[in-house]
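Take a look at the fold below. We will go from the whole chain down to one pair of helices.

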Amino acid sequence: MNTQTEQLERERLLDLAQEYRQKGYQVILSPNSEEIPAFLRDYGYRPDMIVRRGDDAVVVEVKSRRSIMGGGQYLQRLAQVIEEHPGWRLELVMTNPEDALYSAKAGDSFPADEIKSKLQVARELTSHHPESAILYTWSLAEATLRLLAEHEGLSLQKLEPPLRLLKQLTTEGVISQTDYQLLMDALPLRHAIAHGFKTSEINPSSVLELIEVTEQLLNSLNTTENLL
């Protein structure tokens, strides 16, 4: 692993440690042998970080695309081992040097009124270009998730991975399980198209559902502000 990748992983790990502390978790960075539970010691695994709060215990692993190459099966087996122990879960967080390069070029995120305007463009694309529409809509949904997170005072990286952002907002109760599931269902389609794969699962109605849930999330921002 090169120095840049190692540094990015370390910085992300420290950010996560701070986020968990703010949520009231006990944080153990680079735990020693005595701090690692027996089932992980027996597996010969040393986590990047362990955090605990009540009955919730999390094994946190930060990886870049480069460092995870060839280790997919190992991580899959590790996840199975952890899931076999009630109260424990694995959080795998991805960070990439490519993201850092892109981050330096990325400007500010769209404000709410601009997202609403662009959602109308996405709606117009839906009938004849559903692939383009779902890509565009997901980018607007992602911008909306960032607005919601900022509104809730959640700590954010400039390019927070959308999956992590979505899970965090759902855990905090900002997004309902129904909206979470709809966004999760659309995410693999977005990835497939973005990386040049064909998919037969996209139809105008599925894109319109994504547009509508994004509009609802934007409206929830306005509703919350009016209550303040």
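**From the whole fold to one helix pair**

Contacts come first. Among the contacts in the protein with a separation of 6 or more, 65% are between residues 24 or more positions apart. Keep in mind that this is a predicted model.

Now count the pieces. The protein has ten helices and four strands. Their order along the sequence is α-β-α-β-β-α-α-β-α-α-α-α-α-α. Follow that pattern with your finger on the structure.

Next, consider inside and outside. The protein has 228 residues, and 39% of them are buried. Its accessible surface comes to about 12,900 Å². Carbon and sulfur atoms hold 49% of that surface.

Now zoom in on two helices. Two packed helices are described by two values: the angle between their axes and the distance between the axes. Find helix α7, residues 130-151, and helix α9, residues 177-194. What are the angle and the axis distance for α7 and α9? The angle is about 120°, and the axes lie 9 Å apart. Angles of 65 to 115 degrees count as roughly perpendicular, and those over 145 as roughly antiparallel. The angle here falls in neither range, so α7 and α9 are oblique to each other. Their crossing is left-handed.

Which residues make this contact? From α7 come Glu131, Ile134, Leu135, Trp138 and Ala141. From α9 come Leu183, Ala186, Leu187, Leu189, Arg190, Ile193 and Ala194. Sort the residues of this contact by class: ten are nonpolar, two are charged and none is polar.

Conventions. Residues are numbered from 1 along each chain as its sequence is written. This is a predicted model: local features need pLDDT of at least 70, side-chain atom pairs count only at pLDDT 80 or more; totals for chains, interfaces and linings use all residues. Side-chain values use heavy atoms; hydrogens and water are left out. Helices (H or I, at least four residues) and strands (E, at least two) are DSSP runs, numbered from the N terminus. Buried means under 20% relative accessible area, exposed over 50%, partly exposed in between (1.4 Å probe, protein chains only). Contact means heavy atoms within 4.5 Å. Accessible areas come from the Shrake-Rupley method with a 1.4 Å probe; for residues, only the protein chains shown count as cover. Axes are lines fitted to C-alpha atoms, for helices over the stretch in contact, and angles run from 0 to 180 degrees between N-to-C directions. Angles under 35 degrees count as roughly parallel, over 145 as roughly antiparallel, 65 to 115 as roughly perpendicular and the rest as oblique. A crossing is left-handed if the near helix is turned anticlockwise from the far one by less than a right angle, and right-handed if clockwise. Ala, Val, Leu, Ile, Met, Phe, Trp, Tyr, Cys and Pro count as nonpolar, Asp, Glu, Lys and Arg as charged, and the others, Gly among them, as polar.
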